[in-house]
Amino acid sequence: MSPKDLTAIYRLLWKQYGPQHWWPAETPFEVIVGAILTQNTAWKNVETAIQGLKKKRLLSPRKMTEVSSSVLARVIRPAGYFNVKARRLKHFLLFLRQRYKGDLKTLLKRSIGPLREALLSVNGIGPETADSIVLYAAHKPIFVVDAYTRRIFSRLGFLGGEESYGEIQAVFMKALPKQTTLFNEYHALIVAHGKNTCAARHPRCSRCSLERLCEYAEGRRPS
DNA sequence: GGCCAGGACACCA
DNA sequence: TGGTGTCATGGC
């Protein structure tokens, strides 16, 4: 994919869906919690879980550290995989306390490479979750790849569908200027498109709400 | 009733 | 290193 292709697709998505203003959260910590809770889970369910955490006043590193894993699991139950995710949140909190004295700002101030590596060292934080935190909590320019990215760009013919996370990320980051606001909106628009249309599920999205995206791909993708 | 959703990891060969 | 099983709720 050339810079021209990626820019053109971005413009089509922007025109269709408008600015997304991501991440839907009030604080960096809420971004991190949301990023872990949304693993393989519909965002709607995550919203319910986060509302529960707010209601119980557990949405801060200190409060969430103090509460037991079993209570935490009960509160985040609507997000699914609640035992696993409670454990993962606890892993992150332990990491934050041991390495950064519980200070989130110190962690998020680190430069992009070390920050990403540090996050990946936490059990339960993989590439997508780490990159979501880097981009949306630390506001540093990294491209987040998710299932929608892989599916949509595969359907359009720009990806084979078997590329690794890192390979797909490299494609986007080589072709696009490294701007936080651009990466923020691009990923959010991909998710908006994936959620809102049949593009993600149909081999050719001729019935989706953004036929021009397909038409563009028909003309541009390598044969 | 089955499929899927803004993944990650343990386990095994 | 790659493939497979596991984790689980809620909406359609």
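User: Which helices each supply at least two residues of the surface near DNA strand B?

Analyst: They are H9 (127-136), H10 (147-155) and H12 (180-196). This is a predicted model: local features need pLDDT of at least 70, side-chain atom pairs count only at pLDDT 80 or more, and totals for chains, interfaces and linings use all residues. Residues are numbered from 1 along each chain as its sequence is written, while chains are lettered from A and ligands numbered from 1 in the order in which they are written.

User: What makes H9 a helix?

Analyst: Helices are DSSP runs of H or I with at least four residues, numbered from the N terminus. H9 covers 127-136, so it meets that rule. H9 also gives the most to the surface near DNA strand B, with 4 residues.

User: Why is Asn 40 called near DNA strand C?

Analyst: A residue is near a strand if its C-beta atom, placed from the backbone, lies within 6 Å of it. Asn 40 is one of the residues surrounding DNA strand C, so it passes that test. H6 brings the largest share of this surface, 3 residues.

User: How do you know that Ile 32 belongs to the contact of H2 with H6?

Analyst: Contact requires C-beta atoms, placed from the backbone, within 7 Å. Ile 32, Val 33, Ile 36 and Leu 37 in H2 meet Lys 85, Arg 88, Leu 89 and Phe 92 in H6. Ile 32 is among them, so it counts.

User: Why are 2 residues of this contact classed as charged?

Analyst: Asp, Glu, Lys and Arg count as charged. The contact includes Lys 85 and Arg 88, so both fit that class.

Technical notes:
Two residues are in contact if their C-beta atoms, placed from the backbone, lie within 7 Å.
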